[in-house]
Amino acid sequence: MSVHDLEASSLADGVPSLVRAFRCDRPFDPPSRILLDGVKRVVLGRGDLGVTRRDHDLAVTVPDDRMSTVHARLIRGDHGFDLEDNDSKNGTLVNGRRCERTTLHDGDVIETGHTFFVYRIHVPENLPATPRVFAESTSPIDLPLATFLPSLAKQFERLARVAGSNVPVVVTGETGTGKEVIARALHRMSGRSGALIALNCGAIPATLIESELFGTRKGAFSGAISDRPGLVRAADGGTLLLDEIGELPAPAQIALLRVLQEQEVTPIGATQPVKVDVRLVAATHQALDRMVDAGSFRADLMARLGGLKIRLPPLRERREDLGLVIQSVLRRIGADEHLQLSRQAARAMFLYPFPHNIRELEKALGLAVMIVDPNGIIELEHLPEELCIREPSCADDPKRVEPEMSDEQRKAHLLALLAQHHGRVAAVARAMGKARMQIHRWIDRYDIDLESFRK
């Protein structure tokens, strides 16, 4: 089956959508989703912010002075939507390339003036126009849980439902995807009176982790000159986040199992356990089930942790959420509300695969905000060097100019495209302007499991 046939099949099974994801001249404006069910033509243009529908036609207008009155059109064809520029003054870009006409694919980023849209080919029907928001926070320290992704919204909804219980929660995802954000949001929603206590299990020497977690009695060992309650008791009445729980040594796993089973902890050197009321959140980037099979993680502890499991997708799979995440990060780092991003800077952020996810985005924006004037514009030069790759060639040339990338950047870019195109090598080759044979060489070189993207 061809790529077009696959995408046509997906289109028949669901509803395509456009997410107005970001305005670089007004980065704090809320984004919105536009469902294209039953729509045959969409006109993108300048005007009052809104969406107007007449029969099978849709007009999407944005008060963007860099857009033409009728800037571009999306026209439904046999294999989804085709996008054509309406001879606009500033052009229409798709995935960073200026286009006269092209067929849209799932995850494509459309740039019209200062406004960025993300096209999705298959989303459930009757979704709200605004993102689903859970555990919205007024604190600049904590990011809200907000998403346009239906699958992630379902997970957040389940998280909200169990928030008031003692059900353990396991959060998985790549490094930097926001696992601690989930723990903080869950703690806020729980209403628990105690504190949120976090421990990175991989950052504490194995010889010290039990005393850090469970506490010590005075005289338990040389150097124990006073009683120490430990982090489990410090989290009494609250939430304990064990980040990178896969790094927990075997003896500590046994002691933690008792905490979960009996809701009590025995400090090192003590003879009597102490009752505790602790909600456990475990986070890891590792596959715990594989660790159980390998014998490096206890099966009984895994069973005790088996409450709610949340999988956070990498940022490259949340392109329609990028505007939401940028807004949250800018608020968290105290950026001025009049701050803007140049088109080039915003484009770089939408095209970059962010191998280190939200953490990397936060560092990039934090650097830019410190460099730029408070009421200024973040330019490409204010972003870290790895984001400033060369821009692709125009769409008249079917071959895209390959950015100067390190091996790590190329692998991250390849992984992002494989995820975006569900492992379809032909689509990835077309996006990178390379022969399929070259894509297969890179897949072999980086030892990438192609089938994992096709599930």
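**Cores, surface and backbone of a predicted model**

Among contacts between residues at least 6 apart in sequence in the protein chain, 64% join residues at least 24 apart. The model is a predicted one.

Reader: How many helices and strands does the protein chain have, and what percentage of its residues count as buried?
Author: In this predicted model, the protein chain holds 14 helices and 23 strands. With buried taken as under 20% relative accessible area, the share of the 455 residues that count as buried is 53%.

Reader: Which element gives the largest share of the largest nonpolar core?
Author: This core has 35 residues, and those with the most contacts inside it are Met 349, Leu 361 and Ile 378. The elements that contribute two or more residues are strands E1 (15-23) and E12 (115-123) together with helices H9 (322-332), H10 (343-351) and H11 (357-371). The largest share, six residues, is that of H9.

Reader: Which residues does Leu 361 touch, leaving out those up to four places away in sequence?
Author: Leu 361 is one of the residues with the most contacts inside the largest core. Once residues up to four places away in sequence are set aside, the residues it touches are Leu 315, Leu 322, Val 325, Ile 326, Met 349 and Phe 354.

Reader: How many residues does the second, separate core have?
Author: Nonpolar side chains tend to be buried together in soluble globular proteins. Here a second core, separate from the largest one, includes Leu 240, Val 259, Val 265 and Leu 280, and its residue count is 30.

Reader: Is Ile 371, a member of a nonpolar surface patch, buried, partly exposed or exposed?
Author: Ile 371 lies in helix H11 and, with Leu 367 and Met 370, makes a nonpolar surface patch of about 310 Å². Because its relative accessible area of 47% falls between the 20% and 50% cut-offs, Ile 371 is partly exposed.

Reader: How many disulfides are there by the distance rule?
Author: Cys 24 is buried at a relative accessible area of 0%, and Cys 99 also counts as buried, at 5%. A disulfide requires a pair of cysteine sulfur atoms within 2.5 Å, and by this rule the count is zero.

Reader: Where is Asp 87 found, and is it buried or exposed?
Author: Asp 87 is not a glycine, although it has a positive phi of about 55°. Its place is the loop between strand E7 (80-85) and strand E8 (92-94). Because its relative accessibility is 71%, Asp 87 counts as exposed.

Notes
Residues numbered from 1 in each chain as written. Predicted model: local features only at pLDDT ≥ 70, side-chain atom pairs only at ≥ 80, totals over all residues. Heavy atoms only, no water. Core = buried A, V, L, I, M, F, W, Y, C linked by side-chain atoms within 4.5 Å. Buried < 20%, exposed > 50% of the residue type's maximum accessible area, 1.4 Å probe, protein only. Helix = DSSP H or I, 4+ residues; strand = E, 2+ residues; numbered from the N terminus. Contact = heavy atoms within 4.5 Å. Patch = residues over 30% accessible without salt bridge, like charges linked within 9 Å, V, L, I, M, F, W, Y side chains within 5 Å. Areas by Shrake-Rupley, 256 points an atom, 1.4 Å probe, with all protein chains shown as cover. Salt bridge = Lys/Arg side-chain N within 4 Å of Asp/Glu carboxyl O.
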